[in-house]
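Let's take a walk through this one together, chain by chain and then across the places where the parts meet. Have the viewer open and follow along.

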Amino acid sequence: MVGKRTLRAAALLLVPVVMATATGCWNRREIETIGFVLAAGVDEAQEEGKIQLTVLIAKPFAIGAGMGTHGTTEEKPFWVVSSTGYTVFEAVRNLLSQSPRRPFWAHNRFIVVGEEFARKGIGDVLDLFCRDGESRLRVWIVVAKGAKASDLLQTEFELERMPPEGAMGLLEAARMGLSTVGEDMLNDFLQRLEGEGIDPIATRAEIVPRPQEFDIRGELKREKIGGSLRLTGAAVFRNDRLVGWLNKPETRGFNWITGKVRSGIIVIEKPGEEGKFIGLEILRAKGAFKPEVKDGRVTVTVKIEAEANVGDIQGFIDLFKSPELWASMERRMATVIENEVLAAVAKAQELGSDIFGFGAELNRRDPKKWASEFRDRWDEEFRDIDVQVEVKAKLRRSGLVLRSTRIRK
Amino acid sequence: MLGMLRRLLSRRMRRRQGSGQAETSSVEGRISSKLPVNRERIKAAFGNSADLVLRNLQAGAQGKISALVVHMDGLVDKRQVAEAVIEQITDIDLKWDNPRQAYADLKVRLLSASGVEEVDSLDKFITHVAGGHSGVLIDGVEKGLVCDTRGWEQRGIDEPTTEATVRGPKEGFVEALRTNTSLLRRRIMGSQLWIEEMRIGRISRTRVAIAHIAGVANDKIVQEVRDRLRRIDVDAIHESGNIEEYIEDAPFSLFPTTLRTERPDKVTGALLEGRVAILTDGTPFVLIVPATFTMFLTSTEDYYERYFIGSALRLLRVASFFISLTLPSLYVAVTTFHQEMLPTPLVLSIAAQREGIPFPAVIEALLMEFVFETLREAGVRLPRVVGQAVSIIGALVIGDAAIRAGLASPAMIMVVAFTGIASFATPVFSLAIGVRLLRFLMTVLAGALGLFGIVAGMFALLIHLTCLRSFGVPFLEPLAPIVFSDLKDALLRAPWWALRTRPQFTGKKAPTRQAPGLRPRPPSPEEEEVHHLVGEEGGK
């Protein structure tokens, strides 16, 4: 007869065995059975009321890793495929009828939205990307100016085989070196959507058609490179609808105000010489604004502190002999910054979209006044705000020389 | 669950107790006064063994005194037997014809040989002879003399093969117990080094020595070691590993709770921390108790190289301990459950490598681990010349053929190979092998549950480790329970001048081991002045 204790011991022994074998495949998936989505695009489908979802899925075997027997440089390492559905989720699931590998969203970097679709509002398509556990909140939202998202996803880069990698490279360069893109990703976008007195902003991208005569030689013999992608500023939203665009200087103006300028080149006219320019490299920048209410009117004071180095000078300058030029260059630099800021503000006011969050700041400073006076009529009020700009521009160094090379005639 | 197993086993063992045990024959009785009787009894006791040498000698007046010299061939130093025993017998003064007088005379003369003992039980006599002593019996005397003439072939002191170091003594223990105790004695000249000996094994009569430093070691621990050793009642002790299994605290754990070493400097270091060493005749491996986890990740070299090098090496070993335990399981978990955790280029690269591999990652990992372990085992056991061939084939099989055959991905080979190397970085083999077994378990857990499985496994392991004791000392001391003063010599090694106190659990009896303030520092101004003056005077 088997004793009670022996039975209990056997049962205890069975527990780990059962645990290890009976867990099923709740989310076990071998890495090679997954389709890694690196970018996704949303457009209107041809059928009324449906959404067209386009995804760019990586083809690992074409990357050329491993023994080098799989991938060839001629094969595209990605696959762009579209599906439709009434909701994004349905469209995602419908992808399964075309893709033998289940799309996996954790490595998605971009949500691209076609301009037409963006103008009708994108709030509904973003829900899945924050509700789903796989997708990340650190996804860039890109609006394709004058194009469909599916077309933008077909673009390629000369220097990167994987287009989303190329786009990431452009974005990093634009953020760190030019300050001409918005810094906001999906989580910021959603916060701005929800916030009072603030409107969302996204990255603006355009397709640059490849010149016909362009010929690719050497190893790269890809049949069809449709076009390339270029980042050209920011897309301005009002609530969740696209209402307009900021070009590059305006976008930098926006970044001055929000304090997001990291670097960039400021070009000023050379003091005392027509047609010659000086390039200044931004080193550090701080930006802050303060909305105030005076006699029922809102005035915003924008304070910007910027430091720059002299990068290059056209013509001859001897800073050792004429130090007064230094101050005059700083004044010109301040003017350029002020103009950019004012241009951004003017554009935003024209579009009626408070992308800077002046209203939100006002709310933070004086919630009662905001609730009683401005909340309901902020849209009109924003258009009439008076913006004062104070720029403190400082030039630090002039490179390795004080005196330009003099060209003898 | 282990407790259950233990209970089952112990019940079975209890049942067995009381049943007959192999009778070990021993010769009863006292030494007879009649020489031929003794001779026959000795012969019978050894079953007329071929290496038993019995020599009859006639001495004294007209050769009236007949004597018998007994020794084992090969165990005695023949020159010593000839000079110290046989010559002394034949030199017995011619005037003696009384056996008792001759015996008394001989007893005094034989003292010139080292270690003479008088025995009256035949059993004792035979035991000594079996141990390499020479026995002398004289007809008409019911007592015997045994003198220490031991001397046999033994391996010379050599560099320890399993614990090589770059810096530090190159001496290792050998198989002979006395040589081993001398190696300790030479390092600790103070009389505080106490070595007591006992014999374990009814048939093997193996000599086992317990060494400790009087006044430093905890008496309770020493007594506990004595008690546990005395408990061992077996036929034979073949190696210190046998003793280990009879005295360890956690016989069902994968982790050893005694530390084995063949380095005398490691033993003396441990002794001076208040630990106890158990030396077994016939093996170069000495056991150190109590043993704690951090000791297994320690090499003596840590104490000889400068402290930051020692500390860095220890951290490296800690890292490689965790790597050898978890790397394959982490790889399996991340590639089959948590693909979002890897950077995009890496995940795509791994996916590309796994393209066309027929097995799931967990099977691939287990398979390659199995191949690796087989190769390792084959390489250890085979003769050195053949072993090399095996490792070449192994490298080819593992490194290249498996990938070409599409059985494994390069990343997996990389993981398995690195894990293998990391497991070799653990200085003590007995810990490394336990970790190796656990690694398979972790890989299965990771394959079934992902990181959750690994976390569960690590928790179970941690609970187990914190429960372990080695002779009353918590196995994870000083990490759990945390003992701040001992942390200076655990995962890091503080400079020697900062290692003032002995470990709390073993060295409380004599808490400090050096004077305070030994850190080298520049001379104080007064001192400097003195130096200066001395210098000037010297100049005059």
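Helices (H or I, at least four residues) and strands (E, at least two) here are DSSP runs, numbered from the N terminus. This is a predicted model, where local features need pLDDT of at least 70 and side-chain atom pairs count only at pLDDT 80 or more, while totals for chains, interfaces and linings use all residues. Residues are numbered from 1 along each chain as its sequence is written, chains are lettered from A and ligands numbered from 1 in the order in which they are written, and side-chain values use heavy atoms, with hydrogens and water left out.

With that in hand, start in chain B, in the loop between β12 (473-474) and α19 (525-539), which is where B:Pro478 is found. The bond joining B:Glu477 to B:Pro478 is a cis peptide bond, with omega about 5 degrees. B:Pro481 lies in the loop between β12 and α19 of chain B as well, and the peptide bond leading into B:Pro481 from B:Ala480 is cis too, omega being near 5 degrees. Another backbone oddity sits in the loop between α2 (35-45) and β1 (52-59) of chain B, the place of B:Asn48. B:Asn48 is not a glycine, yet has a positive phi of about 55 degrees.

Now zoom out to the whole of chain B. Its secondary structure comes to 19 helices and 12 strands. The radius of gyration (taken over C-alpha atoms) is compared with a globule rule of 2.2 Å times the number of residues to the power 0.38. Chain B has a radius of gyration of 31 Å, well over the 24 Å that the rule gives for 540 residues, so chain B is more spread out than a compact globule. Along the principal axes, its C-alpha atoms fill a box of roughly 105 × 85 × 45 Å. Domain bounds come from an automatic or database domain assignment, and for chain B they give domain 1 (35-147), domain 2 (177-291) and domain 3 (310-474). The C-alpha centres of domain 1 and domain 2 of chain B are 34 Å apart.

Over to chain A, which has 12 helices and 13 strands. Its radius of gyration is 27 Å, whereas a compact globule of 409 residues would have one near 22 Å. The C-alpha trace of chain A spans about 105 × 65 × 55 Å along its principal axes. Chain A is divided into domain 1 (32-246) and domain 2 (248-409), and the centres of these two domains, over C-alpha atoms, are separated by 32 Å.

How do the two domains of chain A meet? Counting contact as heavy atoms within 4.5 Å, 28 residues of domain 1 of chain A and 27 residues of domain 2 of chain A take part. Buried area is the accessible area (1.4 Å probe) that two parts lose on being put together, summed over both. Between these domains of chain A it is about 2200 Å², with 53% from carbon and sulfur atoms. On the domain 1 side, A:Ser179, A:Glu196 and A:Leu246 lose the most area to domain 2 of chain A, together 28% of what that side buries.

A:Glu196 also forms a salt bridge with A:Arg375, where the closest N and O atoms are 3.1 Å apart. A salt bridge here is a side-chain nitrogen of Lys or Arg within 4 Å of a carboxyl oxygen of Asp or Glu, and the rule finds two across this interface of domain 1 and domain 2 of chain A.

Last stop: the interface between the chains. Here 31 residues of chain B and 33 residues of chain A are in contact. The two chains bury about 2900 Å² between them, 66% of it on carbon and sulfur atoms. Four salt bridges cross the interface of chain B and chain A. For one to look at, find A:Arg29 and B:Glu340, whose side chains meet in a salt bridge (3.8 Å, N to O). On the side of chain B that touches chain A, α1 (2-16), α12 (307-336), α13 (344-354), α14 (361-381), α15 (384-404) and α17 (429-449) of chain B each give two or more residues. The largest share, nine residues, comes from α13(B).
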